[in-house]
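Biologist: Before I rely on the terms attached to this model, I would like to hear what each of them rests on. Please start with the word used for residues that touch.

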Amino acid sequence: MKLKHLSTAMILATLPATGVFAAALDRSGQSMSAFLQPGNYFEAGISILDPDVAGKEAGSSTTSRNIGDMADDYFFPSAALKLQLNDKFSFGLLYDQPFGSDAEYTGNNAFVSNPGSDSVLSAGAIDGIVTKKAKEALVAQGLPVNDQTLAIAKGQVLASPQFQQLAGALAVANNYLGTGGTKVEVDTQNLSFVFGFQPNQNFNFYAGPVLQTVKGNVSLRGQAYSLYNGYDANIKETTGVGWLAGAAYQIPEIALKASLTYRSEIDHKTNINEDLSLLNFPGLTSVLAGLDVPASKLQAINSEGKTTITTPQSVNLDFQTGIMANTVAFANVRWVNWKDFSIQPYKFGKVSEAVGGLVGRPNGFNLVEYSDDQWSVNAGVGRKLSDKWAGNVSVGWDSGAGNPVTTLGPTEGYWNVGLGLQYSPTPQTFLAGGVKYFWLGDAKAQTGAQAGSDQYVADFSDNNAIAYGLKLGYKF
């Protein structure tokens with residue numbers, strides 16, 4: 001079938017934006033294909049995503065207003081250099097931006113602060129507090145707790161001077177909530193140093209360290225976040241080190257190539273600059289005391305400490321083989337351990353521990369967490385059209401990382417179709433481009449305080465995205 005040289009052309013013709021809209025924060029797909037090219041090789045590419053993610057208030061929200069497109073467009077570059085040092089050893093430098101997020105809520109909804117109607121505590125939370133105090137009063141008086149007695153006791157709590165004073169303080173505290181809309185921006189960069197050993201023409205064993213940076217900004221606004229309406233976190237760029245290891249097997253004569261790559265999790269320890277506008281309210285301590293928040297937890301709210309952010313481990317399985325003259329089939333399977341991932345900035349965590357009892361989370365809660373691991377599959381067929389042109393078609397599926405899912409990324413996986421085209425003006429150079437259309441999975445969105453439950457504050461459905469990719473390659 002004379003597929004020895006065709007295999008390189010076809011695998012490069014796949015769209016550079018393989019994982020451009022994957023589950024959770026997954027972005028680049030962390031491909032190893034450049035390192036597995038024969039001889040010396042260099043490539044540089046860029047991927048662009050244009051998503052449309054809109055929904056409607058639902059679940060525990062007391063209103064059902066529409067939520068406009070909250071997903072921002074973004075682009076990210078990638079580059080790779082692979083050197084075949086001799087018959088047995090190779091070295092590679094791989095650059096990508098593996099994880100990230102860009103989103104901003106606008107309009108009039110539960111994720112945009114509205115000083116005229118937002119309150120520190122939701123109506124449901126206040127009713128829960130009143131009900132708790134009413135039950136405690138009935139038990140203290142030795143009276144039975146039933147619908148009738150509870151209704152009377154709740155009325156007494158509402159009319160009591162203590163509650164009236166608390167309600168007045170809460171009303172004043174509403175003036176200290178945030179302004180603007182909820183938004184998030186997270187960026188990462190990876191530089192992988194890969195050392196390969198090829199005992200023969202069929203096997204390739206490789207491993208090396210990975211240098212990773214993380215930075216980001218998060219702003220929570222709107223009634224959905226209750227007293228966190230006005231929370232800001234600035235994650236200064238921080239660096240962590242991990243590693244990767246893998247093995248590949250190939251039979252060049254039939255364009256068969258298979259590889260399995262593991263990437264470790266990477267820890268980042270940083271002092272996140274956090275601010276919660278409600279902490280500027282002079283009477284906050286007395287208000288929280290009136291809500292039965294323990295004094296020891298009140299003291300911890302303004303403490304400082306480091307936050308650990310751990311990006312997840314992952315496994316990539318890549319496969320390609322010739323299926324007929326001038327034609328190859330290819331597939332990629334990726335697993336990412338999002339189930340064990342969470343972010344809890346230090347001060348955010350201390351506040352959540354202090355007030356978590358008010359929402360049934362006495363041990364606090366995370367800013368972001370996911371309930372499931374991500375699985376994704378992309379497969380397709382590539383064909384050589386002429387000496388200079390090649391093309392491919394592909395389909396893809398992503399499981400998502402759970403549903404309900406965080407309000408900062410409210411989709412559950414996707415299905416996609418893609419088209420790719422490659423032009424090779426010389427045997428050593430090529431230009432590849434492509435486009436993919438994504439049908440994004442419907443998802444219910446929940447805040448950090450609701451994570452781990454079936455509660456949610458919004459419903460996102462019938463959304464989509466378009467991805468574009470461009471890549472330049474040179475063999476030398």
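Modeller: Contact means heavy atoms within 4.5 Å. By that rule, and leaving aside its neighbours within four places in sequence, Tyr-228 is in contact with Leu-220, Leu-276, Phe-348, Val-351, Ser-352 and Phe-365. Please keep in mind that this is a predicted model, in which local features need pLDDT of at least 70 and side-chain atom pairs count only at pLDDT 80 or more, while totals for chains, interfaces and linings use all residues. Residues are numbered from 1 along each chain as its sequence is written, and side-chain values use heavy atoms, with hydrogens and water left out.

Biologist: What makes the set around Leu-220 and Tyr-228 a nonpolar core?

Modeller: The name applies to a set of buried Ala, Val, Leu, Ile, Met, Phe, Trp, Tyr and Cys residues joined through side-chain atoms within 4.5 Å. The largest such set here has 80 residues, and those with the most contacts inside it are Leu-220 and Tyr-228. Helix α2 gives the most to this core, namely five residues. Another core, of 15 residues, lies apart from it and includes Ala-34, Ala-80, Leu-94 and Tyr-206.

Biologist: Why is Thr-407 called buried or exposed?

Modeller: A residue is buried under 20% relative accessible area, exposed over 50% and partly exposed in between, with a 1.4 Å probe and protein chains only. Thr-407 has 2%, and is therefore buried. This residue lies in the loop between β20 (405-406) and β21. Not counting residues up to four places away in sequence, Thr-407 touches Met-70, Tyr-105, Phe-111, Tyr-225, Ala-445, Gln-446, Thr-447 and Val-457.

Biologist: What makes the approach of the side chains of Thr-407 and Tyr-225 a polar contact?

Modeller: That term needs a pair of N or O atoms within 3.5 Å; within protein, one must be able to donate a hydrogen and the other to accept it, and residues adjacent in sequence count only if both atoms are side-chain atoms. The two side chains are joined at 2.6 Å, which is inside the cut-off of 3.5 Å.

Biologist: And why does Lys-297 get its own label for exposure?

Modeller: Its relative accessible area is 29%, which lies between the two limits, so Lys-297 is partly exposed. The residue sits in helix α6 (residues 295-300). Beyond residues up to four places away in sequence, Lys-297 touches Glu-353, Ala-354 and Pro-362, and a polar atom of its side chain lies 3.2 Å from the backbone oxygen of Glu-353.

Biologist: How do you know that helix α4 has the span expected of a helix of 13 residues?

Modeller: Helices (H or I, at least four residues) and strands (E, at least two) are DSSP runs, numbered from the N terminus, and the expected span of a helix is 1.5 Å times one less than its number of residues. Helix α4 (residues 161-173) reaches 18 Å from its first C-alpha to its last, close to the 18 Å expected. Its buried residues are Phe-163, Leu-166, Leu-170 and Ala-173. They cover an arc of only 75° around the axis, taken from the directions to the C-beta atoms, and therefore lie on the same side of α4. The face turned away from that side carries the exposed residues Pro-161 and Gln-165, whereas the cover over the buried residues includes α2 (123-140), α3 (147-159) and α5 (284-290).

Biologist: What makes β14 and β15 a pair of strands?

Modeller: Two strands pair if DSSP finds at least two bridges between them. Strands β14 and β15 (residues 327-336) have 10 bridges and run in the antiparallel sense, and they form a hairpin with two residues between them, where Asn-326 in the turn has a positive phi of about 65°. Strand β10 (residues 256-263) is also joined to β14, by seven antiparallel bridges. Ser-314 of β14 stands opposite Arg-263 and has Val-336 as its bridge partner in β15.

Biologist: Which residues does Asp-318 contact?

Modeller: Asp-318, found in strand β14 (residues 314-324), is in contact with Lys-257, Ala-258, Ser-259, Ala-331 and Asn-332, leaving aside its neighbours within four places in sequence. Its side chain also makes a polar contact of 2.9 Å with the side chain of Asn-332.
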